Amino acid sequence: MTDVTFILPDGTRRSCIAPEGLSLMEVALQNSVSGIIAECNGAAACATCHVIVDGSLAGSLDPVSEHENDMLDFTAAAREPGSRLSCQIRVDARLDGATIRVPAET
Ligand code: FES
């Protein structure tokens, strides 16, 4: 199991046990993390699962695909360095201990 903490726009921290193989979006929904809506259920077609992955973790994850990159232009909150669609991030050991920010306005 992997421990992931979501930081909500108001600073609230939500620590979650993240089973490997799920997407980060699925972990967020299972734990009722507000701000992660996932209208398209993980098809990378809605951009309502926008999160920010900070620091060195961002560089260690699988790279953003061309399609994900295009969809990140449609997030409700402004795109930032480290912006990702949480449905496109699979949980594995690289995420253990990670903090993932949920931007405002998602
Ligand atoms: S759930 Fe729709 S883009 Fe991630």
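Ile 52 stands opposite Arg 101 in strand 5. The model is predicted: local features need pLDDT of at least 70, side-chain atom pairs count only at pLDDT 80 or more, and totals for chains, interfaces and linings use all residues. Residues are numbered from 1 along each chain as its sequence is written, and side-chain values use heavy atoms, with hydrogens and water left out. Strands (E, at least two residues) and helices (H or I, at least four) are DSSP runs, numbered from the N terminus.

Ile 52 belongs to strand 3, which covers residues 50-53. Both faces of this strand are covered. His 50 and Ile 52 lie on one side, Val 51 and Val 53 on the other, and all four are buried. Buried here means under 20% relative accessible area; exposed means over 50%, and partly exposed lies in between (1.4 Å probe, protein chains only). In a regular strand the side chains alternate between the two faces of the sheet.

Strand 3 has a partner on either side in the strand order 2-1-5-3-4. Strands count as paired if DSSP finds at least two bridges between them. Strand 3 and strand 5 (residues 98-101) run antiparallel and are joined by two bridges. Val 53 stands opposite Ile 100 of strand 5. Strand 4 (residues 83-85) also runs antiparallel to strand 3, with three bridges between them. Here the bridge partner of Ile 52 is Ser 83.

Strand 5 differs between its faces. Ala 98 and Ile 100 form a covered face, whereas Thr 99 and Arg 101 form an uncovered one. Strand 5 is also joined to strand 1 (residues 2-7) by four bridges, and these two strands run parallel. Arg 101 is the bridge partner of Ile 7 in this pairing.

Strand 1 in turn pairs with strand 2. Six bridges join the two, which run antiparallel. Asp 3 stands opposite Ile 17 of strand 2. Thr 5 is found in strand 1. Its relative accessibility is 12%, so Thr 5 counts as buried. Contact means heavy atoms within 4.5 Å. Leaving aside neighbours within four places in sequence, Thr 5 is in contact with Arg 13, Arg 14 and Ser 15, and also with Ala 98, Thr 99 and Ile 100.

Together, the five strands form an open sheet with the order 2-1-5-3-4 and mixed pairing. Strand 2 (13-18) and strand 4 stand at the edges; each has a single partner strand, so one side of each is left without a neighbour in the sheet. The twist averages 35° from one strand to the next. Axes for such angles are lines fitted to C-alpha atoms, for helices over the stretch in contact, and angles run from 0 to 180 degrees between N-to-C directions. Strands of a sheet pair through backbone hydrogen bonds, either parallel or antiparallel.

Ser 83 lies in edge strand 4. At 5% relative accessibility, Ser 83 nevertheless counts as buried. The side chain of Ser 83 makes a polar contact with the side chain of His 50, at 2.8 Å. A polar contact is a pair of N or O atoms within 3.5 Å; within protein, one must be able to donate a hydrogen and the other to accept it, and residues adjacent in sequence count only if both atoms are side-chain atoms. A polar atom of the Ser 83 side chain also lies 2.8 Å from the backbone nitrogen of Glu 80. Not counting residues up to four places away in sequence, Ser 83 touches His 50, Val 51, Ile 52, Leu 72 and Ala 78.

Outside the sheet, Met 71 lies in helix 3 (residues 66-71). Met 71 is buried, with a relative accessible area of 12%. Met 71 and Cys 46 are 25 residues apart in sequence, and their C-alpha atoms are 7.5 Å apart in space. Beyond four places in sequence, Met 71 touches Ala 44, Ala 45, Cys 46, Ala 47 and Leu 85.

The chain as a whole has three helices and five strands. From the N terminus, the elements run β-β-α-β-α-α-β-β. The radius of gyration is 12 Å, close to the 13 Å that the globule rule gives for 106 residues, so the chain is as compact as a globular protein of that length. This radius is taken over C-alpha atoms, and the rule is 2.2 Å times the number of residues to the power 0.38. Of the 106 residues, 42% count as buried.
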